[in-house]
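Visitor: I'd like to go through some of the labels people put on a model and hear the reasoning behind them. Could you show me one?

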Amino acid sequence: MKPFVLLNSAMTVDGKIATNNSSMKISGKDDLIRVHKLRKKYDAIMVGINTVIIDNPKLTIHKIEASLEDNPIRIIIDSKARTPIDSLVLNNDAKTIIITSEKAPQEKIAKLNKKCDILVCGHQQVNLKEAMNKLYDKGIKSILLEGGSTLNFSMFKEGLIDEVSICIGSKILGGTSSKTFVDGEGFEPENCINLELKNIEKIDNDVVLSYNVLN
């Protein structure tokens, strides 16, 4: 068994989620409120290590009224245990689980384990299917995936995403090196991810599209 996974993200009209080396504000304040309401509904929120290093997010609820108990468990996919020891995701606002691989340096794992829980899944890199099974066994039944483009691709590739909610902000970024919603090596046309449109919602100048993942 695995947790239910909703991939939530925001992208520009031309499909970008960030520049090559920094994040950007894409959607409006009402969409941010929508996102924090989602965080309150889910057992956990998951991102990749690049998001932690570049953005240093708290991954907590702070755009709406909430208590510390409302914060979801924070899950970091970090194959080499690169999470900086002073990262905001390691504060006391919520529980954090770092999922790493056997390749990660043991001395770094030992340091991180003083501030969070560690799950080792996979040899050279995190085995996402194994990780999802272990998280489910820990009682995590729903995950809000706010991953970057690399983690998004890997989760799609392993068939671990159930629904997609994406806000299209009224901006165009451009740039061949800018991060897209999903990158990785991509899929062959006959194997691309098929979606079923569930809902269209206009929020300010933005549009939120909701989909079921069909494969």
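Guide: Here we go through a few labels, on a model that is predicted.

Visitor: What makes the contact between R34 and D31 a salt bridge?

Guide: The N to O distance between their side chains is 2.7 Å, and the cut-off is within 4 Å, so the pair qualifies. Both residues lie in helix α1, 3 residues apart, about one turn of the helix.

Visitor: Why is R34 called buried?

Guide: Its relative accessible area is 14%, and buried means under 20%, so the label fits. D31 counts as buried too, at 2%.

Visitor: How do you know that K157 and E185 meet in a salt bridge?

Guide: Same kind of check: 3.0 Å, N to O, against a limit of 4 Å. K157 lies in helix α5 and E185 in the loop between β9 and β10, so the pair ties together parts that are 28 residues apart in sequence.

Visitor: Which of the labels buried, partly exposed and exposed go to K157 and E185?

Guide: K157 has 47% relative accessibility, between the 20% and 50% marks, so it is partly exposed. E185 has 61%, and exposed means over 50%, so that one is exposed.

Visitor: What makes the link between T83 and D78 a polar contact?

Guide: Their side chains come to 2.7 Å, and the limit for such a pair of N or O atoms is 3.5 Å. T83 is found in the loop between β4 and β5 and is buried, with a relative accessible area of 0%.

Notes
Residues are numbered from 1 along each chain as its sequence is written. This is a predicted model: local features need pLDDT of at least 70, side-chain atom pairs count only at pLDDT 80 or more; totals for chains, interfaces and linings use all residues. Side-chain values use heavy atoms; hydrogens and water are left out. Helices (H or I, at least four residues) and strands (E, at least two) are DSSP runs, numbered from the N terminus. Buried means under 20% relative accessible area, exposed over 50%, partly exposed in between (1.4 Å probe, protein chains only). A polar contact is a pair of N or O atoms within 3.5 Å; within protein, one must be able to donate a hydrogen and the other to accept it, and residues adjacent in sequence count only if both atoms are side-chain atoms.
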